[in-house]
Amino acid sequence: DKVFGSVLICRNLDVAVKFAGSSSLDCVTMEGDCVSNRGAISGGYQDAGRSRLVNMKMLRETQKLRAELRKESATVKDKLQGAEQAVTAVLGDIQRMESARRHRQA
């Protein structure tokens, strides 16, 4: 269940320094700066494509979109089934009317 293990994600460097000093957790900012609970601060470029946080967010958004699309698909299928039933009913009416017309003409 733990995506980041014993690492705390912080909004900025000031918050990360505060929490790293008062807890036994290492901290990482949204920009990728790392603050060790022992006081060391490091940073640098973090490739967003390799960020677990970004990937987890994208996964959740994709799963949410998938659920919405499935729901919409079910609604469309229900509407289609209703339309097909209406068309079948109309075709049945047409056949009955044609049959009645032929019977009167004969």
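In which strand is S42 placed? I opened the predicted model with that in mind, and I found S42 in strand β4, which spans residues 41-42.

**Overall layout.** I then stepped back to the whole chain. I noted two helices and four strands in the protein. Reading along the sequence, I wrote the order down as β-α-β-β-β-α.

**Back to S42.** Is S42 buried, exposed or partly exposed? I looked up its relative accessibility and got 43%. Buried needs a value under 20% and exposed one over 50%, so S42 goes into my notes as partly exposed. Leaving out residues up to four places away in sequence, I listed D33 and C34 as what S42 touches. I also checked S42 against V28, which lies 14 residues away along the chain; their C-alpha atoms are 9.5 Å apart.

**The core.** Which residues make up the largest nonpolar core? I counted five there: C10, A16, A20, C27 and V35. I picked C10 for a further look, again skipping residues up to four places away in sequence. C10 touches two fellow core members, A16 and C27, and its list also has V15, V28, T29 and M30.

**Whole-protein numbers.** I finished with a few totals for my bench copy. The protein has 106 residues, and 8% of them count as buried. Among contacts with a separation of 6 or more, 10% come from residues 24 or more positions apart. The exposed area is about 9100 Å², and carbon and sulfur atoms supply 56% of that area.

Notes. Residues are numbered from 1 along each chain as its sequence is written. This is a predicted model: local features need pLDDT of at least 70, side-chain atom pairs count only at pLDDT 80 or more; totals for chains, interfaces and linings use all residues. Side-chain values use heavy atoms; hydrogens and water are left out. Buried means under 20% relative accessible area, exposed over 50%, partly exposed in between (1.4 Å probe, protein chains only). Contact means heavy atoms within 4.5 Å. A nonpolar core is a set of buried Ala, Val, Leu, Ile, Met, Phe, Trp, Tyr and Cys residues joined through side-chain atoms within 4.5 Å. Accessible areas come from the Shrake-Rupley method with a 1.4 Å probe; for residues, only the protein chains shown count as cover.
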